[in-house]
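Student: I would like to learn how to read the side-chain contacts in a model of this kind, going feature by feature. Could we begin with the ligand and then turn to the aromatic rings?

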Amino acid sequence: MAGFQSLPGFRDFYPEDFSRRQHIFRRWRLAASAFGFQEYDAPVLEPLELYKAKSGDEIEAQLFNFTDKGGREVSLRPEMTPTVCRMVGEKAGSLKRPIKWFSIGEFYRYERAQKGRLRAFNQFNADIFGEPGPEAEIELIALLIQCLAGFGLSAEDFTIRLSDRDLWFFYLEALGLSDVQSRAILSAVDRYEKMGDDAFKGYAEAHGALAAETKEKILAFLKIKGLAELEAALAPFQSAKLATRLADWRKVLAGLTAMKLADFITVDLGVVRGLAYYTGFVFEAFDRKGDLRALAGGGRYNDLVKKLGGPDLPAVGFAIGDVTTGLLIEQRGLTPTFVSAPDVYAVIGGEAERTAAFADIHALRAAGFRVDYPFKDLAFGKQFKVAAESGARLALIYGGDELAKGVVKVRDLSDRTEQEVPREQVLAVVRDFLSGH
Ligand code: HAM
């Protein structure tokens, strides 16, 4: 049809697409409730100010913002984190601790279209407020793993890359870098994969005339891929901060190992996260093959609640997206085939029999059975064909002869056996049959 199309980066969900999306949401909700998280929701339109200088330059450049008819500067939400911080901040005093919340909703970013990146997408967000220790990280990383493992994905399909902005800052400080220099280095670490070694060293040079040896150390730190390597790199330093941080690392990894989730974790100091508010542990989920953009991202953000006017409240959280998750489960052949087959198909002789059929059809539906029937009179043969194609388990046959005897024929569509059932027993017979098969 020539005419209207949806906007670039926005999706229509035809029933089959909708089922796939529901499947994803259902698994995420199941995981969240198994972990004792409570669901919340919030507006999709927020004051622009909420995102200014809080989410970071990249997200700020991608906002869907406008002036509303009352002259307010507003924006569609690009992420949930500032909103949930505002909500928790407002009621922090009266909320039961620990605060473990989750939500599922649509978000909007004016991104350049590419595989796995759209302008309207869904995220599952899970966050814990009020817990400063690494126990919150263990809980959230375990939940993130379950949000993917719930589809049948294994440690061979995806991995969680775990890193730590605090550790980076403490390490760079121990190497003698200033806070400004450290920040510049971290933003380069964020882009390292695109830059490569030489460009990275050039950038580091431009931001602080560092000794060649320091640059090598930073580069080596960035490439660390395990706890033992990390411990070795930090061993020469006598820093209490670094020692405390290492203890937190051991705690997180030991907790996840005890949950038998160690195979899902990759220590990777190359991850620092682009968003402005992260303060400690940060993590991202990726498919192992590396075909897709990030599946999920998160970390600790201890200052954001306060920055938005709330109390001083530590926080950790993550968001997982439906676009890359959907692509991954499809790639691995884990998308279920969705059947919306009726339980019962009513085959109706003609207009005269329709009245009796309608009474039973509605009674069955009201009792929770899925029942379908033809809107118009059709030949019996044609109706049986439709019934078989619909995937229904039973056909109820409302013919003139049967009704004259006060019965309905119940046909088992799998083996075509039939029995005559008195009208008043139809509901009980259908219930027996469907619960017994
Ligand atoms: P994020 O890394 O910007 O983090 O997004 C998390 C996930 O959302 C991504 O890994 C990706 O799956 C999905 N996503 C993001 N942008 C798009 C897009 N344009 N198209 C499709 N999917 C996308 C955050 O949003 C943080 N607020 C997460 C968080 C929660 N941190 C703490 N709590």
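Student: How far does a polar side-chain atom of E79 lie from a nitrogen atom of the ligand?

Tutor: Please keep in mind throughout that this is a predicted model. A polar contact is read from a pair of N or O atoms within 3.5 Å. Here a polar side-chain atom of E79 lies 2.5 Å from a nitrogen atom of the ligand, and an N or O atom in the side chain of T81 is 2.7 Å from a nitrogen atom of the ligand. On the side chain of R109, an N or O atom is 3.0 Å from an oxygen atom of the ligand.

Student: How much of the area that the ligand exposes when taken alone does the protein bury?

Tutor: Taken alone, the ligand exposes 660 Å², and the protein buries 96% of that.

Student: Which residues around the ligand come nearest, and how does the shell divide by class?

Tutor: There are 27 residues around the ligand, of which E79, T81, L118, D127 and Y278 come nearest. By class, the shell comprises twelve nonpolar, nine polar and six charged residues. As for where shell residues come from, strand 6, strand 10 (296–300), strand 11 (315–321) and helix 12 (322–331) each supply at least two of them.

Student: Turning to the rings, how many aromatic pairs are there, and why is the pair of W28 and F124 called tilted?

Tutor: Two rings pair if their centres lie within 6.5 Å, and planes neither under 30 degrees nor over 60 degrees apart count as tilted. By this rule the count comes to 21 aromatic pairs. The rings of W28 and F124 have their centres 5.8 Å apart and their planes at 50°, so this pair is tilted. Because W28 lies in helix 1 (residues 15–34) and F124 in strand 6 (residues 120–129), the pair ties together parts that are 96 residues apart in sequence. Both W28 and F124 are buried, and they belong to one aromatic cluster with F25, F102, F283 and F318.

Student: What arrangement do Y171 and F221 show, and are they buried or exposed?

Tutor: Y171 and F221 form a stacked pair, 3.8 Å centre to centre with 10° between the planes. The pair links distant parts of the chain, with Y171 in helix 5 (residues 165–174) and F221 in helix 8 (residues 212–222), 50 residues apart. Y171 and F221 are both buried.

Student: Which rings have the charged end of R21 or of R161 over them?

Tutor: The charged end of R21 sits over the ring of F13, 4.3 Å from its centre, while that of R161 sits over the ring of F286, 4.1 Å from its centre.

Key:
Residues numbered from 1 in each chain as written. Predicted model: local features only at pLDDT ≥ 70, side-chain atom pairs only at ≥ 80, totals over all residues. Heavy atoms only, no water. Phe/Tyr/Trp six-rings, centres within 6.5 Å; stacked < 30°, edge-to-face > 60°. Helix = DSSP H or I, 4+ residues; strand = E, 2+ residues; numbered from the N terminus. Buried < 20%, exposed > 50% of the residue type's maximum accessible area, 1.4 Å probe, protein only. Lys NZ or Arg CZ within 6 Å of the ring centre and 35° of its normal. Near = heavy atom within 4 Å. Polar contact = N/O pair within 3.5 Å; in protein donor to acceptor, adjacent residues only side chain to side chain. Areas by Shrake-Rupley, 256 points an atom, 1.4 Å probe, with all protein chains shown as cover. Nonpolar A, V, L, I, M, F, W, Y, C, P; charged D, E, K, R; others polar.
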